[in-house]
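User: I have a model open and want the reasoning behind its labels. Please take me through it value by value.

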Amino acid sequence: MKTIYNSIREEVAKHSKVRNSVLGNVKEWKRSHYIILSEIIKEELSESEELKGKRKFEIGNTISHVTLQRFFENDYQDKTHNDLRFLKTLDKICIFLGYKDLNSYIQSVKELRKDNTQESEHEFLTQIVYNYCATVFEFYKEFPNHKTTLFKDLVFNDSPFLERASQFSKELCDRDFQLVTKNNRSNYEVFDIHLVTDEPDKKVLESQEFWNLLFKVGETGEEHFVNQLNTQIYFIRKIDNVWKIWDNYNPDAGRLNKKN
């Protein structure tokens with residue numbers, strides 16, 4: 001409840017009627033400012049549909065400046081702020097903020113936090129895909145050095161994906177493939193990443209990727225081109241509370257290995 005208490009105080013200070021009054025230009029409110037705030041709240045509550053009829057007589061439509069000053073200046077205390085009279089005050093403040101009552105405000109905050117958590121998790125997962133693709137490009141730039149250690153923070157060491165990718169790339173390194181990056185001859189783009197499967201310990205993401213790569217082979221200078229737009233599927237798992245890539249479906253995997 002302490003978090004809700006502080007959240008309500010912040011919302012009141014950000015209310016348009018408060019910000020556009022003299023209160024919006026004052027850093028520290030005094031007694032006179034709480035009198036002004038009381039009048040602003042009274043005016044809003046007098047027009048509120050939530051306080052029509054018997055609801056108005058149950059909780060009233062005014063809040064004294066003394067109560068408001070205590071609300072803003074005193075630290076939250078369970079005993080004081082769970083008192084029925086004070087809960088009615090919170091109901092009125094929440095109605096002033098545009099909600100039905102305190103419970104409605106609490107539910108709204110919970111939903112917002114849930115949405116923010118989901119959004120943050122999605123950003124985290126998509127960043128794994130972006131980071132992986134950037135690491136792949138750096139990995140290619142190291143050819144013919146086979147530096148699979150670059151993937152240790154992104155791909156599980158014992159995953160089938162790492163084993164499969166290591167095998168394909170090792171063959172290319174053994175053939176002395178080298179990535180040409182001069183004048184941006186090689187580049188890539190990742191876009192349109194979205195969540196396909198959402199489970200507590202497993203996420204499946206789908207991405208659209210364009211890879212435009214030019215490899216030359218050691219002394220011969222033989223050129224091999226990769227120019228492809230494809231859909232890739234990433235299987236991301238949480239093991240020991242760590243999220244990493246476990247597997248990947250790439251329809252063009254091993255394409256260069258199949259060329260003579």
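User: How many residues does helix α7 have, and how does its reach fit the rise expected of a helix?

Analyst: This is a predicted model. Helix α7 covers residues 84-96, which is 13 residues. From first C-alpha to last it reaches 19 Å, and 18 Å is expected at 1.5 Å a residue, so the two are close.

User: Which residues of α7 are called buried, and where is the cut-off?

Analyst: Buried means under 20% relative accessible area. In α7, the residues that meet this are F86, T89, L90, D91, K92, I93, C94, I95 and F96. Just after the helix comes G98, with a positive phi of about 105°.

User: What span should α1 have, and what span does the model give?

Analyst: Helix α1 runs over residues 2-14. Its 13 residues should span 18 Å at 1.5 Å a residue. The end C-alpha atoms are 19 Å apart, which agrees.

User: Why is S7 called buried?

Analyst: The relative accessibility of S7 is 16%. The cut-off is under 20%, so S7 counts as buried. Beyond its neighbours within four places in sequence, S7 is in contact with Y105 and V109. The buried residues of α1 are I4, Y5, S7, I8, R9 and V12.

User: What makes W211 buried, and what does W211 contact?

Analyst: W211 has 6% relative accessibility. That is under 20%, so the label is buried. W211 sits in strand β3, residues 202-217. Leaving aside neighbours within four places in sequence, its contacts include C133, V136, F137 and Y140. N187, Y188, V226, N227, Q228 and Q232 are also in contact with W211.

User: How far apart are W211 and F225, in sequence and in space?

Analyst: They are 14 residues apart in sequence. In space, the C-alpha to C-alpha distance is 9.9 Å.

User: Why is D176 called partly exposed, and what is its phi?

Analyst: Its relative accessible area is 27%. Partly exposed lies between under 20% and over 50%, so the label fits D176. Phi of D176 is near 65°, a positive value in a residue other than glycine. D176 is in the loop between α9 and β1.

User: What about D192: which exposure label does it get?

Analyst: D192 is partly exposed, at 48% relative accessible area. Exposed would need over 50%, so D192 does not reach that label. D192 also has a positive phi, about 55°, although it is not a glycine. Its place is in strand β2, residues 187-199.

User: How do you know that the bond between F143 and P144 is cis or trans?

Analyst: Omega is about 10°, and the peptide bond is cis. P144 lies in the loop between α8 and α9.

User: Now the whole chain. How many helices and strands does it have, and in what pattern?

Analyst: The protein chain has 9 helices and 5 strands. Along the sequence, the pattern is α-α-α-α-α-α-α-α-α-β-β-β-β-β.

User: How do you know whether the chain is a compact globule or more spread out?

Analyst: Its radius of gyration is 30 Å. The globule rule gives 18 Å for 260 residues, and 30 Å is well over that, so the chain is more spread out than a compact globule. The C-alpha atoms fill a box of roughly 90 × 35 × 30 Å along the principal axes.

User: What share of the residues is buried, and what share of the surface belongs to carbon and sulfur?

Analyst: Buried residues make up 38% of the 260. The accessible surface is about 15,500 Å², and 46% of it belongs to carbon and sulfur atoms.

Technical notes. Residues are numbered from 1 along each chain as its sequence is written. This is a predicted model: local features need pLDDT of at least 70, side-chain atom pairs count only at pLDDT 80 or more; totals for chains, interfaces and linings use all residues. Side-chain values use heavy atoms; hydrogens and water are left out. Helices (H or I, at least four residues) and strands (E, at least two) are DSSP runs, numbered from the N terminus. The radius of gyration is taken over C-alpha atoms; the globule rule is 2.2 Å times the number of residues to the power 0.38. Buried means under 20% relative accessible area, exposed over 50%, partly exposed in between (1.4 Å probe, protein chains only). Accessible areas come from the Shrake-Rupley method with a 1.4 Å probe; for residues, only the protein chains shown count as cover. Contact means heavy atoms within 4.5 Å.
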